[in-house]
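I opened a fresh page to keep track of what I look up here. My topics are cores, empty space, ring pairs and a few single residues.

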Amino acid sequence: MGKQEEILKIFPGYMRERLEKPLERADKLEEIRLGIGRPVRFLIAGEEFFLSGRGGISRGFQDAWHVTEREMEEIIKNVCLYSMYAFENEIRQGFLTIPGGHRIGLAGQVVLNENGSIRNMAHIRFLNIRISHQIIGAADQVMKFLYAGKRFCNTLLISPPGGGKTTLLRDIVRQVSTGNPAGKGRQVGVVDERSEIAGSFMGIPQNDVGMRTDVLDGCPKIQGMMLLMRSMSPEVVAVDEIGGYEDMKAVYQVLQCGSSVLATMHGASMEDIRKQINTGIPGQKGGQVFYKPEDFFERYIFLERGQEGCRIREILGRDGNLLEAGRKELLCCS
């Protein structure tokens, strides 16, 4: 099934005709945003367009299709295969993953338990359909920098939101797992808390994450890293968007067990990374131990988003030494 067909299946049959022409550009489509009483918006190659009721797209919203409450309910029922109960856990987390690895973010009225935790989400009124784009080969230009001899280096990918971290992470996982010119295939464990790396649907990865990769889908990072270490004996553990005391404590424990770590973090500079990593971790004899980035990672890949797409700005070694400056051909995604 092609990407266009996967996206069309999100919508009830009678709505699909108006979406067919815009979805001819599905290879560049990043998001579809819907809200009751709001114009339908498409984000295509970083630019915003509005969908008209007749199926065209334009930069103006005067003729845009405004979603009704009934239409929103029918879209949600269609995505959930007319069984909201079966998807209750995913709805509680605020997103659904569908075939193809596409993710639908949800917002509306939240229902809380007595202890303040989220029990469910009622009256869903807003959807953000994020289109999955796996780019095979996105990491080709960086793989040679990620090994020290035969060992995979502990690596951190850094960028502001939308900078291509997860796209690059996914392809590094694939290449480390299957094998690449820089190193033989290794056992990889992925903690996919928000189903963005493997894009699993009913536990089955929709993205190619390699032949030796085990995936914990929808599992919190901290518990997932320790569970993988106990159950699957990974040589490399991959996790998205770490930061803060508990995350770094879990990363530290993985490293103590002898596995390598591949992770991402929001930021734009080494100073940003230091602020997030320089957090107190209990020492073996009590008190607090404060770590520096180089206590965890040996490679830092900084990404940025420009007019051409996401590109690698620079690759640094453990002590911040420059290994590779960004070049035009180092685009990791478009």
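**Entry 1: the cavity.** I started with enclosed space, and the structure holds 1 cavity of 30 Å³ or more. I should keep in mind that this is a predicted model. I noted about 50 Å³ of space in the largest cavity. Which residues line the largest cavity? I wrote down Val191, Asp192, Glu193, Arg194, Ser195, Glu196, Ile197 and Asp240. Then I sorted this lining by class: 5 residues are charged, 2 are nonpolar and 1 is polar. A reminder on the method: rolling a probe the size of a water molecule over the atoms shows where empty space is left.

**Entry 2: the second largest pocket.** Next I looked up a pocket. The second largest one has a volume of about 270 Å³. I found 16 residues in its lining, and Glu90, Thr97, Ser200, Met202 and Asp217 are the closest to its centre. Helix H4 (88–93) and strand S5 (95–97) are the elements that give two or more residues to this lining. By class, I listed 7 nonpolar, 7 polar and 2 charged residues for the lining of the second largest pocket.

**Entry 3: two of the pocket residues.** I picked threonine 97, which is found in strand S5. Is threonine 97 buried or exposed? Its relative accessible area is 11%, so threonine 97 is buried, as the limit for buried is under 20%. I then looked up its contacts, leaving aside neighbours within four places in sequence. For threonine 97 they are His102, Arg103, Ser195, Gly199, Ser200 and Phe201. Ser195 also appears in the lining of the largest cavity.

Methionine 202 came next. I located methionine 202 in the loop between S11 and S12. Methionine 202 is exposed, with a relative accessible area of 73%. I also checked its backbone: methionine 202 has a positive phi of about 55°, although it is not a glycine.

**Entry 4: helix H6 and what follows.** I moved to helix H6, residues 221–231. Which residues of helix H6 are buried? I noted Lys221, Gly224, Met225, Met226, Leu228 and Met229. What covers the buried residues of H6 includes strand S11 (188–192), strand S12 (213–217), strand S13 (236–239) and helix H7 (245–256).

Just after H6 I came to serine 233. I placed serine 233 in the loop between H6 and S13. Serine 233 is not a glycine, yet its phi is positive, at about 50°. With 55% relative accessibility, serine 233 counts as exposed.

**Entry 5: the nonpolar cores.** I turned to the cores with a rule of thumb in mind. In soluble globular proteins, nonpolar side chains tend to be buried together. The largest nonpolar core has 34 residues, and Ile10, Leu34, Phe42 and Leu127 touch the most other members. I listed the elements that each supply at least two residues of this core: helix H1 (3–8), strand S1 (29–35), strand S2 (41–44), strand S3 (47–51), helix H3 (69–79), strand S6 (103–112) and strand S7 (118–130). Apart from it I found another core, of 29 residues, among them Met229, Val239, Met265 and Tyr291.

I looked closer at phenylalanine 42. Leaving aside neighbours within four places in sequence, phenylalanine 42 is in contact with Leu19, Pro22, Leu23, Leu29, Glu31, Ile32, Glu47, Glu48, Phe49 and Leu51.

From the other core I took tyrosine 291. I found tyrosine 291 in the loop between strand S16 (288–290) and strand S17 (299–306). At 14% relative accessibility, tyrosine 291 counts as buried. I also checked a distance: the C-alpha atoms of tyrosine 291 and isoleucine 277 are separated by 6.6 Å, with the two residues 14 apart along the chain.

**Entry 6: aromatic rings.** How many aromatic pairs are there? I counted 4 aromatic pairs. For phenylalanine 296 and phenylalanine 297, the ring centres are 6.2 Å apart and the planes are at 35°, so this pair is tilted. Phenylalanine 296 counts as buried at 1% relative accessibility. Phenylalanine 297 is buried too, with a relative accessible area of 0%. Last, I noted that ring pairs link Phe296, Phe297 and Tyr300 into a cluster.

Methods. Residues numbered from 1 in each chain as written. Predicted model: local features only at pLDDT ≥ 70, side-chain atom pairs only at ≥ 80, totals over all residues. Heavy atoms only, no water. Core = buried A, V, L, I, M, F, W, Y, C linked by side-chain atoms within 4.5 Å. Buried < 20%, exposed > 50% of the residue type's maximum accessible area, 1.4 Å probe, protein only. Helix = DSSP H or I, 4+ residues; strand = E, 2+ residues; numbered from the N terminus. Contact = heavy atoms within 4.5 Å. 1 Å grid on protein atoms, 1.4 Å probe; cavity = no way out; pocket = protein on both sides within 12 Å on 5 of 7 lines; lining within 4 Å. Points joined across faces, edges and corners; volume = space filled by probe spheres on them. Nonpolar A, V, L, I, M, F, W, Y, C, P; charged D, E, K, R; others polar. Phe/Tyr/Trp six-rings, centres within 6.5 Å; stacked < 30°, edge-to-face > 60°.
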